[in-house]
Amino acid sequence: LFERQLETLKKCGIDNIVVATGYKEEVIPGDGVTKVYNKDYATTNMIASLFCAEEHIKGNLIISYGDIIYSENVLNSLMENENDIVIASDEDWRPYWESRCEDPLDDAESFEKGEGDKVRSLGKKANSIEEIEGQFIGLIKLTAEGCRVLKEEYHSCNKDASCRENAWNSGRDLKNAYMTDLMNHLASMDELHYHTINRGWFEVDNLYDLELLKINIT
């Protein structure tokens with residue numbers, strides 16, 4: 001998965017690549033990438049890992065989850081979006097989720113659209129298919145201004161004791177906050193846009209997902 005991401009990133013003209021590592025850090029290839037180690041990986045979550053690499057959160061930036069692969073078309077189209085903070089959202093998510101699990105609601109998260117391609121909310125437990133108007137795939141694009149806003153909101157939370165204990169009203173402390181917790185907070189500020197895609201990506205959470213991926217890309 002990592003090697004496929006590297007190949008796609010480089011084909012799309014991205015060669016300044018930083019990897020936040022933790023478990024099995026030693027098996028991640030280091031050639032041509034900068035590795036940033038989260039020594040507390042066993043007791044923290046995504047936001048903590050992201051901000052281990054804070055010095056690299058600047059300029060035009062792509063943030064990608066490590067358990068996904070995506071096509072050049074998906075990445076290129078996202079990079080062409082001119083908004084400051086944009087997430088890729090798959091509108092054709094449902095057949096894919098139905099192939100992965102018996103009930104899509106067991107895994108798919110809520111996604112509510114607003115006007116002007118803005119996200120109203122996301123990342124919650126969905127009670128019905130109607131609450132899922134797309135699916136965030138784990139791919140985010142930021143401009144320099146977007147990076148500034150992202151860091152400002154993180155540090156604002158870190159300075160507030162109540163927010164550190166309940167990051168952006170997620171029910172999780174800041175060290176264990178998910179990426180979707182921060183994205184949902186940005187959506188509440190009217191700062192988060194979505195970019196529509198229709199497939200062109202895969203997520204691997206388990207061996208079944210891996211087999212599904214192999215079937216679909218061979």
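In the predicted model, a disulfide links Cys-157 and Cys-163, whose sulfur atoms lie 2.1 Å apart. With a cut-off of 2.5 Å between cysteine sulfur atoms, the count of disulfides comes to one. The torsion about the S-S bond of this pair is about -100 degrees, and the disulfide is therefore left-handed. Both partners are shielded: Cys-157 is buried at 2% relative accessibility, and Cys-163 is buried with a relative accessible area of 12%, since buried denotes a value under 20%. Cys-52, by contrast, is partly exposed, its relative accessible area being 32%. The cysteine sulfur closest to that of Cys-52 belongs to Cys-157 and is 16 Å away, which is too far for a bond.

An open sheet is formed by four strands in the order β3-β8-β5-β9, with mixed pairing. Strands β3 (61–64) and β9 occupy the edges; each has a single partner strand, so one side of each is left without a neighbour in the sheet. On average, neighbouring strands of this sheet are turned by 30 degrees against each other, direction ignored. Within the sheet, β5 (residues 85–90) pairs with β8 (residues 135–142) in the antiparallel sense, over five bridges. Ile-85 has Leu-142 of β8 as its bridge partner. Helix α7, spanning residues 179–188, packs on the sheet and touches β3, β5 and β8. The direction of α7 makes about 70 degrees with that of β8.

The edge strand β9 comprises residues 193–197 and includes His-195. Although β9 stands at an edge of the sheet, His-195 is buried, with a relative accessible area of 15%. The side chain of His-195 makes a polar contact with the side chain of Asn-81 at 3.5 Å. When neighbours within four places in sequence are set aside, the residues in contact with His-195 are Ser-77, Leu-78, Asn-81, Val-86, Ile-87, Ala-88 and Ser-89.

A further buried position is found in helix α1. This helix covers residues 2–11 and contains Thr-8, for which the relative accessible area is 11%, a value that places Thr-8 in the buried class. Apart from its neighbours within four places in sequence, Thr-8 is in contact with Tyr-70, Ser-71, Glu-72 and Leu-75.

Definitions and conventions: Residues are numbered from 1 along each chain as its sequence is written. This is a predicted model: local features need pLDDT of at least 70, side-chain atom pairs count only at pLDDT 80 or more; totals for chains, interfaces and linings use all residues. Side-chain values use heavy atoms; hydrogens and water are left out. Helices (H or I, at least four residues) and strands (E, at least two) are DSSP runs, numbered from the N terminus. Buried means under 20% relative accessible area, exposed over 50%, partly exposed in between (1.4 Å probe, protein chains only). A polar contact is a pair of N or O atoms within 3.5 Å; within protein, one must be able to donate a hydrogen and the other to accept it, and residues adjacent in sequence count only if both atoms are side-chain atoms. Contact means heavy atoms within 4.5 Å. Two strands pair if DSSP finds at least two bridges between them. Axes are lines fitted to C-alpha atoms, for helices over the stretch in contact, and angles run from 0 to 180 degrees between N-to-C directions.
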